[in-house]
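The exercises below concern contacts between domains, between chains and between charged side chains. Each task is followed by a solution in steps.

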Amino acid sequence: MKQRRSYAQVLINAPYLLWAAIFILVPLFIVAYYAFTDASGAFTMANIKELANYKQTFWISIKYALIATAITFVIAYPFAYFMSKKSAAKQQMMMLLVMLPMWMNLLIRTYSWMNILERNGIINNLLGMMGLGPWKMIGTAGAVILGMVYNYLPYMILPIYTIMSKIDNSLLEAADDLGAHSFAKLRHIIWPLSLPGVISGIAMVFVPSISTFYISQKLGGGKIMLIGDTIERQIQTAYNYNLGAAISLVLMVFVLISMAVMNRFADDDGEGGGMIV
Amino acid sequence: MSEIKNIIELKDICMEFDGEMVLDHLNLAIKDGEFVTLLGRSGCGKTTTLRIIAGFLNPVSGQVLFDSKEINGVPPYQRPVNTIFQRYALFPHYNVYENIAFGLRLRKVPEAEIKERVEEMLRFVNLQGFEKRSVTHLSGGQQQRVAIARAVINKPKVLLLDEPLSALDLQLRKDMQVELKNIQKKLGITFIYVTHDQEEALSMSDTVVVMNEGKVQQIGTPIEIYNEPQNAFVADFIGESNILDGVMPCDFTARFAGHDFDCLDKGFAPNEPVDVVVRPEDVDIVPVVRGMLKGEVTSVTFRGVHFEIIVDIDGFKWMIQTTDEHHVGDVVGLYIEPDAIHVMKKSQYSGKYGDYSSYSDELEQLSELTEDEEE
């Protein structure tokens, strides 16, 4: 009986394990293999050493991703909070509005922003009618960060909203009852309880932001090279799979470390009781 | 007895949700230091009343007075009352100590005093050594104590309790009933307790407020509520009762079930139609020759302490509780003492409650269960 059950379990798990092996583990090994070999397949540390030349790119990518994440958070948190306070019908409506842009492909959305921000785009035309501009927007850091914020905002709103709508209203009433006015409730109850949602929102925005290449290519006007662009160029244009793999590997390790740090931060706050100061 | 001041008064309170009347011109005065229970089925408005006192809801009309001062519109965090919530609403991200300290922290009480008072509270509710425990890992009874400590540490003048025992199992509930009553005595503050459990209400309260359909049906001591229900609803809701249609030909005589009975009630108009309540434990089963009424036993249920016997008298099914065994099919006589008869004026509830012809334990338990879930 017991054996049959475990046999069944193996069967149930098998497709998933196979999937994970083929599409997650094997590619990871391939990336690692390329990163530590040269074009002839011999072991080398040259690729890793060459990364020093891309310090600047790494730095800009991290900076832009952090700024984009911070801006999405500032927009998403209050939005999610007010959304969770609305009636069920309004919540559904707002959710639809948040999700709507995601029904369109990322490429199309980014192209639309190009049209809006271009030298002959919608904004500059409007400004022109008022006798202003034209302003150069494509090719600036602002345009790239805007593209990130716009594209990834739903990924920040959704996890925060989900966790906020699960906060038991009686907790807020209890806080109210014990003397907490609105801001105290936000600080001592809503914020700590919504933190796991914030952490996953940050992860879901920061990771695609730091590795994007499409947004920076289109809205950066070819002038802004992020780490994603560099990887793409090494692989697509320079056919240097080894260097491309080395940069990917470092990016991946960096992302994993950031995630670990953030999760640690969330755990600590959950367990330690968090003093009210 | 000297005059005790009213700590809370509700005057002509109306409340509606989505156009539905939940409280219908409710008037209620609560004396300082009392243990008051709001008792009623789910949807009777008892929890709404409590939430209006706590400040979570504002009534559509009417006044809420605290110490004779109107507090309509005063937010909950400024009211000198604290609430014990039905599912305790402990803060899951804080440990026991921080939960209890929450109210004091917000009021910027010095850390040394907080420590002293939290420890005193932990002793008070018997949870010494639990400071660092996570509240999510406590048993129901322990969570309940933390909730009490967290509220009481703020020295409220009134403690509001919203069905605080409904999540506990029977044994624990009985222990906590005694404990809550003791806590109330020790603190000497007013408790306003909401429950749908009549036994809880009768055993703990100084005053019971029976509510139905957004109105107060009766206010009185548990004994008054049980022995002298004001209308058929109260009689039916509190304990078991046989409620009969009758008339009062004159003072001290009640006519029902085709017989004139001596009773202790007076003050009704001659031949006024009335409702008559006879509690099942007050009816004696006697041999037919000695009985005032005669009927056939149709059902016998053993309850441990007593038998519950249904006797059919001309189609009206009486419930009788007795320690003597009888058998289905026996023809028996019923004897009722004058003081076992309670006469009530006719009300809107007359005729809605009566005999035990549709009596079924399973049904009753089922409907109680669904009521629990609703609230």
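A salt bridge here is a side-chain nitrogen of Lys or Arg within 4 Å of a carboxyl oxygen of Asp or Glu. The model is predicted.

**Exercise 1. Describe how domain 1 of chain B meets domain 2 of chain B.**

Step 1. Set the bounds: the domain assignment of chain B gives domain 1 as 6–227 and domain 2 as 232–374. Their C-alpha centres lie 36 Å apart.

Step 2. Count the residues in contact. Domain 1 of chain B contributes 17 residues and domain 2 of chain B contributes 15 residues.

Step 3. Take the area. About 1500 Å² is buried between domain 1 of chain B and domain 2 of chain B, with 52% of it on carbon and sulfur atoms.

Step 4. Look for charged pairs. The rule finds one salt bridge across this domain interface. Asp236(B) and Arg41(B) form a salt bridge, with an N to O distance of 3.9 Å. This value passes the test because the cut-off is within 4 Å.

Step 5. Add the polar contacts: seven residue pairs, both residues at pLDDT 80 or more, are counted between domain 1 of chain B and domain 2 of chain B. On the side of domain 1 of chain B that touches domain 2 of chain B, at least two residues each come from helix H6 (198–204), strand S9 (207–212), strand S10 (215–220) and helix H7 (222–227) of chain B. That side has six nonpolar, eight polar and three charged residues.

**Exercise 2. Describe the contact between chain B and chain A.**

Step 1. Count residues: 24 come from chain B and 21 from chain A.

Step 2. Take the area. Chain B and chain A bury about 2100 Å² between them, and carbon and sulfur atoms give 65% of this. In chain B, the residues that lose the most area to chain A are Tyr77(B), His93(B) and Leu106(B), together 30% of what that side buries.

Step 3. Find the charged pair. One salt bridge is counted between chain B and chain A. Arg51(B) and Glu173(A) form a salt bridge, their closest N and O atoms being 2.6 Å apart.

Step 4. Assign the surface of chain B that touches chain A. Strand S6 (81–84), helix H2 (96–106) and helix H4 (140–152) of chain B each supply at least two residues of that side. H2(B) gives the largest share, five residues. By class, the side divides into 13 nonpolar, six polar and five charged residues.

**Exercise 3. Which is buried and which is partly exposed: Arg117(B) or Glu113(B)?**

Step 1. Establish the pair: the side chains of Arg117(B) and Glu113(B) meet in a salt bridge at 3.0 Å, N to O.

Step 2. Place the pair. Both lie in helix H3 (residues 111–124) of chain B, and because they are four residues apart, about one helical turn separates them.

Step 3. Compare with the cut-off. Arg117(B) has a relative accessible area of 15%, so it is buried, being under 20%. Glu113(B), at 34%, is partly exposed.

**Exercise 4. What does the salt bridge between Arg145(B) and Glu179(B) tie together?**

Step 1. The closest N and O atoms of Arg145(B) and Glu179(B) are 3.0 Å apart.

Step 2. Arg145(B) lies in helix H4 of chain B and Glu179(B) in helix H5 (residues 170–187) of chain B, so the pair ties together parts that are 34 residues apart in sequence.

Step 3. Arg145(B) is buried at 17% relative accessible area, whereas Glu179(B) is partly exposed at 22%.

Notes: Residues are numbered from 1 along each chain as its sequence is written. Chains are lettered from A and ligands numbered from 1 in the order in which they are written. This is a predicted model: local features need pLDDT of at least 70, side-chain atom pairs count only at pLDDT 80 or more; totals for chains, interfaces and linings use all residues. Side-chain values use heavy atoms; hydrogens and water are left out. Domain bounds come from an automatic or database domain assignment. Contact means heavy atoms within 4.5 Å. Buried area is the accessible area (1.4 Å probe) that two parts lose on being put together, summed over both. A polar contact is a pair of N or O atoms within 3.5 Å; within protein, one must be able to donate a hydrogen and the other to accept it, and residues adjacent in sequence count only if both atoms are side-chain atoms. Ala, Val, Leu, Ile, Met, Phe, Trp, Tyr, Cys and Pro count as nonpolar, Asp, Glu, Lys and Arg as charged, and the others, Gly among them, as polar. Buried means under 20% relative accessible area, exposed over 50%, partly exposed in between (1.4 Å probe, protein chains only).
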